[in-house]
Structure formats: structure tokens, C-alpha cells
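Visitor: Could you walk me through how to read the packing in a model like this one? I'd like the general idea, then the case at hand.

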Amino acid sequence: RVLVEVFSLRQEEQVAELFLDINKAEPVKDVDLPGGASTHEREILHSAVTALQFQYPSFFKESTKCRKPNLNADNFRDALFQSRVIERQKIATDEDLVNYLLHKNAELAERTDDEWAASAVGGGKALMNQIKKAREGNFYLGLVSEWD
């Protein structure tokens with residue numbers, strides 16, 4: 001079974017507009033799929049990421065393909081969900097998750113430039129610019145993808 005939606009359009013410009021809308025669509029994140037995260041887990045993730053957005057607004061971007069050290073909130077929620085950090089860290093509330101992420105951020109802040117270079121794929125001037133921005137805003141979570 002496949003669900004199909006049929007549009008009856010009379011003008012070429014309507015077809016072009018629909019085509020653009022369809023091609024701009026973003027895939028649904030695993031965290032938001034039915035049967036993915038529980039309602040409670042989804043609420044924890046949403047609330048915690050929103051709290052970080054308010055605390056570090058210059059690091060959260062609308063683009064789903066933003067450059068490090070920036071994050072997209074939906075991608076961040078999904079990455080946290082897929083890493084199973086809530087389960088592995090036995091996180092019960094959004095406050096617990098925020099505290100865990102702030103602790104992780106503080107750990108990352110202690111890394112030297114050499115440690116960042118050793119842990120990064122690539123490097124060079126782009127990496128140093130990313131680290132510089134992270135240091136200026138004291139936000140490092142956008143530089144990593146591991147949540148353990």
C-alpha cells in the first residue's frame with residue numbers, strides 16, 4: 001500500500017509552484033516519526049534544546065546544513081535521540097538533559113587546539129575558525145557529534 005495525493009492543477013504556474021514546494025520538503029526526523037521517541041522523550045529533547053537555543057542564540061541556525069560550530073535545533077534533537085543519550089545517561093527530565101549538555105560543553109571547553117585538531121576530520125584554517133567562534137561564544141556542542 002502506498003498513499004498517493006493527487007493534485008488537479010489547471011495552470012502551468014501552479015504546477016511550477018507545487019514542484020518547488022515538493023522539492024523544498026525536508027525528510028521527517030527519526031525523533032518525530034510515529035513509534036520513534038516516546039512523547040515524554042520528545043518533550044525532554046524539545047525543551048532542553050529550546051533552553052540551549054535561548055542561552056546560545058547565535059549558534060542555532062534555521063539551515064539544516066549549517067556550518068560548525070552552529071547547530072540546527074531539529075538536527076540536534078534528532079542526533080541526541082539517535083545517540084540514545086537519554087537512555088544511556090538515565091536522564092529523566094529536560095533539566096537533567098540541559099545539565100548533562102552544559103557539563104559536556106564545559107568538558108569540551110577544556111580541550112586544547114591540538115586536541116581539537118587530533119579529534120577532527122580535516123583541519124586547517126576552517127577548523128581554527130570554528131574553534132575560535134566556539135571559544136568566543138563558549139559553545140562547543142556544535143563541534144562534536146558524540147554524546148557519551
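**Core and helix packing**

Guide: Let's start with the core. In this predicted model, the largest nonpolar core has 32 residues, and those touching the most other members are F60, F76, L97, L101 and L141. At least two residues of this core come from each of α2 (39–55), α3 (73–83), α4 (85–88), α5 (94–109) and α7 (124–137).

Visitor: What is the general idea behind such a core?

Guide: Nonpolar side chains tend to be buried together in soluble globular proteins.

Visitor: And how do I read a pair of helices, say α2 and α5?

Guide: Two packed helices are described by the angle and the distance between their axes. Here the axes of α2 and α5 come within 8 Å and cross at roughly 50°. That angle is neither under 35 degrees nor in the 65 to 115 range, so α2 and α5 are oblique to each other. The crossing of α2 past α5 is right-handed.

Visitor: Which residues of α2 and α5 make the contact?

Guide: On α2 they are I44, L45, S47, A48, A51, L52 and Q55, and on α5 they are D94, L97, V98, L101 and L102. Sorted by class, this contact of α2 with α5 has nine nonpolar, two polar and one charged residues.

Visitor: Now the loop between α1 and α2: is G35 buried or exposed?

Guide: G35, in the loop between α1 (12–24) and α2, has a relative accessible area of 82%. Exposed means over 50%, so G35 is exposed.

Visitor: How many Å apart are G35 and V98?

Guide: C-alpha to C-alpha, G35 and V98 are 24 Å apart in space, and 63 residues apart in sequence.

Conventions. Residues numbered from 1 in each chain as written. Predicted model: local features only at pLDDT ≥ 70, side-chain atom pairs only at ≥ 80, totals over all residues. Heavy atoms only, no water. Core = buried A, V, L, I, M, F, W, Y, C linked by side-chain atoms within 4.5 Å. Buried < 20%, exposed > 50% of the residue type's maximum accessible area, 1.4 Å probe, protein only. Helix = DSSP H or I, 4+ residues; strand = E, 2+ residues; numbered from the N terminus. Axes fitted to C-alpha atoms, helices over the stretch in contact; angles between N-to-C directions. Parallel < 35°, antiparallel > 145°, perpendicular 65-115°, else oblique. Left-handed = near helix turned anticlockwise from the far one by under 90°. Contact = heavy atoms within 4.5 Å. Nonpolar A, V, L, I, M, F, W, Y, C, P; charged D, E, K, R; others polar.
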